[in-house]
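Trainee: I am new to this structure and would like to go through it with you. Could you show it to me before we begin?

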Amino acid sequence: MNEAHDEIFCCDSLREVVAGLPAPAAPTVYKADDGALMMVVGLVQTEEGLGYLDQAILHCPFCGTKLQDAKAIAEKVSH
């Protein structure tokens, strides 16, 4: 993991989940290519295969620390 981007991790629990310790079959919390921290909130089987619905994490689900701003995430997605 790139240390320059570790500032998004507010607690060891969140850092370990994103790192995959222990490794899940499919990550439910992950860092997107654009740097936004995301969580998979639903799965659906489609004709093309398994699809998923993800949501940006604004606050840590473990300790409640604010991690991201909705406006900043929207700007990343629109580019």
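Trainee: Is Leu 43 buried or exposed?

Mentor: Leu 43 is exposed, with a relative accessible area of 61%. Buried means under 20% relative accessible area, exposed over 50%, and partly exposed in between (1.4 Å probe, protein chains only). This is a predicted model, in which local features need pLDDT of at least 70 and side-chain atom pairs count only at pLDDT 80 or more, while totals for chains, interfaces and linings use all residues. Residues are numbered from 1 along each chain as its sequence is written, and side-chain values use heavy atoms, with hydrogens and water left out.

Trainee: Which element holds Leu 43?

Mentor: Leu 43 lies in strand E2, residues 37-46. Helices (H or I, at least four residues) and strands (E, at least two) are DSSP runs, numbered from the N terminus.

Trainee: Which residues form a nonpolar patch with Leu 43?

Mentor: Leu 50 and Tyr 52 join Leu 43 in a nonpolar surface patch, with about 380 Å² of accessible area together. Accessible areas come from the Shrake-Rupley method with a 1.4 Å probe; for residues, only the protein chains shown count as cover. Patches are made of residues with over 30% relative accessible area and no salt bridge; like charges are joined within 9 Å, and nonpolar side chains (Val, Leu, Ile, Met, Phe, Trp, Tyr) within 5 Å.

Trainee: How many helices and strands are there in the chain?

Mentor: The protein chain has two helices and three strands, and their pattern along the sequence is α-β-β-β-α.

Trainee: Let us turn to the interior. Which residues make up the largest nonpolar core?

Mentor: That core has 10 residues, including Ile 8, Phe 9, Val 29, Leu 37, Ile 57 and Cys 60. A nonpolar core is a set of buried Ala, Val, Leu, Ile, Met, Phe, Trp, Tyr and Cys residues joined through side-chain atoms within 4.5 Å. Apart from the largest core lies another, of five residues, among them Ala 32 and Ile 73.

Trainee: And what does Ile 57 touch?

Mentor: Not counting residues up to four places away in sequence, Ile 57 touches Val 29, Leu 37, Met 38, Met 39, Leu 67 and Gln 68. Contact means heavy atoms within 4.5 Å.

Trainee: How many disulfides does a search of the whole structure find?

Mentor: The search finds zero disulfides. Cys 10 is in none, and the nearest cysteine sulfur, that of Cys 63, is 3.4 Å away. Cys 60 is likewise in no disulfide; its nearest cysteine sulfur is that of Cys 10, 3.6 Å away. These pairs do not count because a disulfide is a pair of cysteine sulfur atoms within 2.5 Å.

Trainee: Are those two cysteines buried or exposed?

Mentor: Cys 10 is partly exposed, at 30% relative accessible area, whereas Cys 60 is buried, at 4%.

Trainee: What about charges: how many salt bridges does the structure hold?

Mentor: The structure holds one salt bridge. Lys 66 forms it with Asp 69, the closest N and O atoms being 3.8 Å apart. A salt bridge is a side-chain nitrogen of Lys or Arg within 4 Å of a carboxyl oxygen of Asp or Glu. Lys 66 is exposed at 53% relative accessible area, and Asp 69 is partly exposed at 36%.

Trainee: Lastly, where is Lys 76, and what is in contact with it?

Mentor: Lys 76 is in helix H2, residues 70-78. Leaving aside neighbours within four places in sequence, Lys 76 is in contact with Asp 34, Gly 35 and Ala 36. Lys 76 and Asp 34 are 42 residues apart along the chain, and their C-alpha atoms are separated by 6.6 Å.
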